[in-house]
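Trainee: Got a minute to go through a model with me? I want to look at the cysteines and then the empty space.
Mentor: Sure, put it up.

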Amino acid sequence: MGDTVGSSNSNASTTGRATSRWSLQGMTALVTGGTRGIGHAVVVELAALGASVHTCSRKEDDLTECLKKWASLGFHVTGSVCDVSVREQRDRLIRDVSSTFDGKLSILVNNAGTNVTKPTIEYTAEEYSFIMATNLESAYHLCQLAHPLLKASGAGSIVFVSSVSGVTAVNSGTVYAATKGAINQITKNLACEWAKDNIRTNSVAPWYIKTSLVENALQNKIFLQKIVDRTPMRRVGEPEEVSSLVAYLCLPAASYITGQVISVDGGMTINGGLYTSG
Ligand SMILES: NC(=O)c1ccc[n+]([C@@H]2O[C@H](COP(=O)([O-])OP(=O)(O)OC[C@H]3O[C@@H](n4cnc5c(N)ncnc54)[C@H](OP(=O)(O)O)[C@@H]3O)[C@@H](O)[C@H]2O)c1
């Protein structure tokens, strides 16, 4: 009898442990650029797994509409209007996050990013600074600002939304490629530097994903065909195919994974070139 009771208790606690490894219940997250595209999918994914999420974008109307929609779905999402390319606005964003979440942040997803694609010799100084500030400086500074909050959570996780452009040359523009290559290297360095604080750091590196950032490019049928021809799975990706990996990397189930850059690319980066046609 004692054995039976003991084993049923232990089954229950094993089940409880298994469930909590796949849940973000009780955790807090900041996702930059959550009103569209990959960031939007990440907010939904994290909130659906139980996290309280704070997000931001530059446009108040878009943010208000998203927050209203998420509240109607029962998700706990708050937001700030913030241009992450501006230092003072990043300071204010982290102050908002700290007061919303009582000084503790479990998850930081550095997602907001932009691009201007052109030949290298045509970039202006303003374009260079704009891409660098939005993609690289913002993510770096937000990591610095969020460090005490992530440490205070007891088990922090940073995920960068990088790009295959930081892994291999894909003709995306050299400034963008430089920002994403730097993000991938920061991922590895921070993983080592902040492991002692129980903060994990990983990157996801997407190939073409259907979002507003690339919709003009993908509308060009010849360009789209070139992309598909290089991709063994012969299609571009959906935002939800990136957000699922971001969420996984934030789960307790991923507790021994840090410093990794994982491509989400339908096999594009491992294609040696034989599989170019359907
Ligand atoms: N889509 C792809 O094919 C692809 C491939 C590889 C990597 N990525 C990366 O994925 C990330 C997300 O891209 P996406 O395709 O989802 O882009 P998107 O559809 O253009 O969405 C970008 C989101 O970020 C916000 N945002 C942009 N600049 C911001 C700023 N300065 N401050 C605050 N919020 C800002 C936008 O809102 P507001 O405009 O209202 O501010 C929007 O919510 C980027 O880092 C991008 O480099 C995308």
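Mentor: What follows covers disulfides, then the cavity, then the pockets; keep in mind that this is a predicted model.

Trainee: OK, how many disulfides does the count come to?
Mentor: The count is 0.

Trainee: And C82, which cysteine sulfur is nearest to it?
Mentor: That of C56, at 4.7 Å. A disulfide needs the two sulfur atoms within 2.5 Å, so C82 is in none.

Trainee: Is C82 buried or exposed?
Mentor: C82 is buried, with a relative accessible area of 3%.

Trainee: Why is there no bond for C143?
Mentor: Because the closest cysteine sulfur, in C250, is 13 Å from the sulfur of C143, which is too far. C143 is also buried, at a relative accessible area of 2%.

Trainee: Switching to voids. How many cavities of 30 Å³ or more turn up?
Mentor: A search of the whole structure gives 1. The volume of the largest cavity is about 70 Å³.

Trainee: Which residues are closest to its centre?
Mentor: N110, N111, A112, N135 and A139, out of 13 lining residues.

Trainee: Which element gives the most to that lining?
Mentor: α5, which contributes 4 residues to the lining of the largest cavity. At least two residues each come from α5 (125-152), β5 (156-161) and α6 (174-193).

Trainee: How does the lining of the largest cavity split by class?
Mentor: 7 nonpolar, 5 polar and 1 charged.

Trainee: Now the pockets. What volume does the largest one have?
Mentor: About 1200 Å³. The largest pocket has 49 lining residues, and those nearest its centre are G113, T114, Y176, L213 and V214.

Trainee: Which helices and strands supply at least two residues of that lining?
Mentor: For the largest pocket they are α2 (37-48), β2 (52-57), α5, α6, α7 (215-219) and α8 (221-229).

Trainee: What about the classes there?
Mentor: The lining of the largest pocket divides into 20 nonpolar, 21 polar and 8 charged residues.

Trainee: And the second largest pocket, what is its volume?
Mentor: The second largest pocket comes to about 150 Å³.

Trainee: Which residues line the second largest pocket?
Mentor: Among them are M27, S106, I107, N198, R200, L251 and S255. C250, the cysteine that came up with C143, also lines the second largest pocket.

Trainee: Last one: how many charged residues are in that lining?
Mentor: The lining of the second largest pocket has 1 charged residue, along with 6 nonpolar and 5 polar.

Technical notes: Residues are numbered from 1 along each chain as its sequence is written. This is a predicted model: local features need pLDDT of at least 70, side-chain atom pairs count only at pLDDT 80 or more; totals for chains, interfaces and linings use all residues. Side-chain values use heavy atoms; hydrogens and water are left out. Buried means under 20% relative accessible area, exposed over 50%, partly exposed in between (1.4 Å probe, protein chains only). On a 1 Å grid over the protein atoms alone, a cavity is a set of points where a 1.4 Å probe fits but cannot get out, and a pocket is an open set with protein on both sides within 12 Å along at least five of seven lines; lining residues have an atom within 4 Å of a point. Grid points are joined across faces, edges and corners, and a volume is the space filled by probe spheres set on the points. Ala, Val, Leu, Ile, Met, Phe, Trp, Tyr, Cys and Pro count as nonpolar, Asp, Glu, Lys and Arg as charged, and the others, Gly among them, as polar.
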